[in-house]
Amino acid sequence: MESLETTVPIEVIVVDGGSVDDTVAIAREYDATVIEGSDSSIAAGRNRGAEYASGQWFAFVDADTRVRPDYLPTMLEFVEANDLTVASARCRVTGPSRAKLVELTINHVFPRLERPVLPGFNFFVHHRTFDRFDGFPTVPNEDTALSRELGATVSTEYCPEVLVETSGRRIAEQGLTGTLWYYTRLDAQRVRAEY
């Protein structure tokens, strides 16, 4: 695990939804606050972690995502320079070559939408804004749902630097078509849950 390069005080909170690997032991080894228990959804887990956080900014990062050591100072500089309370950053998706299509979509399509989609594995939001919108809604594709809600009233942008690397394991396991179908089904469930 690389150390983050920052002079800003940080707290690391790991919400473990019943993992069967060494997640809890490794997190404790690095003095992270560990919250254990099986949550009913990804949104519930993210929101539970936020309840324990005391900082001004929340950086939501998934277990299969790695941030660059300068992630925090770069994101803080970006949001302050652009007067933002919500942002994401460009990413790199590992795995098979077809994962590059997903990477291109996240980096070049999502930011250009009328209400940009900020992926949950790389979601940077001010504590007050997160609370004002009641956190992630407990629906499938919770990151898309919160992104759309936020995008209706506040500016959201992508930092142009590649600051995170996330796993393309789903693409490796299910292929591009299977992954697309998986997220299409989730998004259909999200729309039904919202209306």
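**Core packing and selected residues**

M75 touches A87, S88, A89, F124, C159 and L163, when residues up to four places away in sequence are not counted. These contacts, like the other values reported here, come from a predicted model. M75 is also among the residues with the most contacts inside the largest nonpolar core, together with F60, F123 and F130. This core has 35 residues. At least two of its residues are supplied by each of α2, β3, α3 (71–81), β5, α4, β6 (123–126), α6 and β7 (157–166). Helix α3 gives the largest share, six residues. A second core, separate from this one, has five residues, including V24, A27, A32 and V34. In soluble globular proteins, nonpolar side chains tend to be buried together.

One of the contacts of M75, S88, is found in strand β5. S88 counts as buried because its relative accessibility is 0%, under the cut-off of 20%. Apart from neighbours within four places in sequence, S88 is in contact with M75, L118, P119, N122, E157, Y158 and C159. With one of these residues, N122, there is also a short distance between polar atoms: a polar atom of the S88 side chain lies 2.7 Å from the backbone oxygen of N122.

Two helices were examined for burial. In helix α2 (residues 42–52), the buried residues are A43, A44, G45, R46, N47, G49 and A50. The buried residues of α2 pack against three strands, β1 (13–16), β2 (33–36) and β3 (57–60), and against the helices α5 (127–132) and α6 (142–151). Helix α6 is itself largely enclosed by the rest of the structure, because seven of its 10 residues are buried. The buried residues of α6 are E142, D143, T144, A145, L146, S147 and L150.

R98 lies outside the helices and strands described above, in the loop between β5 (86–93) and α4 (99–109). The relative accessible area of R98 is 37%, so this residue is partly exposed, a class that runs between the 20% and 50% cut-offs. Leaving out residues up to four places away in sequence, R98 touches I171, A172, G175 and L176. R98 and F130 are 32 residues apart in sequence, and their C-alpha atoms are 34 Å apart in space. F130, as noted, is one of the residues with the most contacts inside the largest nonpolar core.

Key:
Residues numbered from 1 in each chain as written. Predicted model: local features only at pLDDT ≥ 70, side-chain atom pairs only at ≥ 80, totals over all residues. Heavy atoms only, no water. Helix = DSSP H or I, 4+ residues; strand = E, 2+ residues; numbered from the N terminus. Buried < 20%, exposed > 50% of the residue type's maximum accessible area, 1.4 Å probe, protein only. Contact = heavy atoms within 4.5 Å. Core = buried A, V, L, I, M, F, W, Y, C linked by side-chain atoms within 4.5 Å. Polar contact = N/O pair within 3.5 Å; in protein donor to acceptor, adjacent residues only side chain to side chain.
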